[in-house]
Amino acid sequence: MKYLDNIGVEFEENILKKDLTEVMKCIANEEVVVFREQDITAKQFVDVLRPYVKYSNANHWCTHPDHPEIFRVTNKKIDDEGRMGFFGDGELDWHCNSPLNEKHEEIVALYCVEPDETCHTSFCNIRKAWNDLPEDIQEKCRKSSIVLRFKNNTIYDYKEYELRGALDSNEKRGNYIPKRITKMVKNHPYTGEEYLYFPYAFYHKCDEDLVEYLKDFVLQDKYVYHHQWKKGDVLLFDQLIGLHRRTAIDLKSVGKPNKPRELYRTVSWYNSW
Ligand SMILES: O=C(O)CCC(=O)C(=O)O
Ligand SMILES: [Fe+2]
């Protein structure tokens, strides 16, 4: 195992041959784990994590035809109506997965099947920042509750079909709350450790000065890793102790057509509870 720039770790082994117990711990502590040059099938991508997680399935317009656990994250037009996959070609600002789901998923896994090397994804390890925060700020956070609300165009300009796809399946599972009140500091279900839950784009009612302070603190370069995608990359990242963002896959402005890019994506919960 080796450390990446600032945060995150990389394993140089073949993911299929590895006992992932150590890897799960790294996801929960280091935020992001990278495996490169993996030559695996969609089935292997899903199966390799299966002993360690509980998967969330969805029946979306962009679900992989053979694997209901996989959503296709792609700017390719994947159906007769000309719809792109999840997150199309747009920029995604700092976020974590589904903060309005009552049981929001804890791990996202991405497998790069077709890279666009101009697009990169960044990860922030809030756990590391939290440990460096002044005591008085930590105490303020511990005493704070937040109201979360979904609003479009905060992290991403969701298209109507994306919203419908994501909301429908969560509503059907009774797993979507339009207005969610939660503590700002919680205990991680896998490590038991205190963590700062910081999907600030969906903070609706909060202490704004505190949030501005935290944003500047948490998003410092020393807590952030930028990933440049290559075919075969597998990234696993925690949705509680971290945030991530992605640049747009849109080269039209410099006169070039969009390059096709595709990641397979699964979302899941740690298996320990
Ligand atoms: O496309 C990417 O690089 C990241 C997309 C993303 O934010 C996600 O899959 O949760
Ligand atoms: Fe995301």
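**Reasoning through the ligand shell, core and sheet**

Q: What makes the shell around ligand 1 divide into nonpolar, polar and charged residues, and how many are there of each?
A: In this predicted model, the shell holds 6 nonpolar, 3 polar and 2 charged residues. The charged pair is R246 and R265, because Arg counts as charged. N97, T121 and H244 are the polar members, since their types are in neither the nonpolar nor the charged list.

Q: How do you know that V73 and L263 belong around ligand 1?
A: Both are listed among the residues around ligand 1, and the test is a C-beta atom within 6 Å of the molecule, so V73 and L263 meet that cut-off. Strands β7, β16 (242–246) and β17 (262–270) each give two or more residues to this shell.

Q: Which residues touch the most other members of the largest nonpolar core?
A: They are I126 and L236, in a core of 60 residues. Strand β7 (residues 107–114) gives the most to this core, with 6 residues.

Q: What makes V23 and I107 contacts of L236?
A: Contact asks for C-beta atoms within 7 Å. Leaving aside neighbours within four places in sequence, L236 is in contact with V23, I27, V33, I107 and A109, so each of these pairs passes the cut-off.

Q: How do you know that β9 and β10 pair?
A: Pairing takes at least two bridges; 5 bridges join β9 (residues 145–149) to β10, so they pair, and they run antiparallel. One of the partnerships is R149 with K179 in β10.

Q: Why are β10 (179–183) and β13 (203–205) called edge strands?
A: Each has a single partner strand, so one side of each is left without a neighbour in the sheet. The order is β10-β9-β13 in this open sheet, and the twist averages 45° from one strand to the next.

Methods. Residues are numbered from 1 along each chain as its sequence is written. Chains are lettered from A and ligands numbered from 1 in the order in which they are written. This is a predicted model: local features need pLDDT of at least 70, side-chain atom pairs count only at pLDDT 80 or more; totals for chains, interfaces and linings use all residues. A nonpolar core is a set of buried Ala, Val, Leu, Ile, Met, Phe, Trp, Tyr and Cys residues joined through C-beta atoms within 7 Å. A residue is buried if 20 or more other C-beta atoms lie within 10 Å of its own, exposed if 12 or fewer, and partly exposed in between; C-beta atoms are placed from the backbone. Helices (H or I, at least four residues) and strands (E, at least two) are DSSP runs, numbered from the N terminus. Two residues are in contact if their C-beta atoms, placed from the backbone, lie within 7 Å. Axes are lines fitted to C-alpha atoms, for helices over the stretch in contact, and angles run from 0 to 180 degrees between N-to-C directions.
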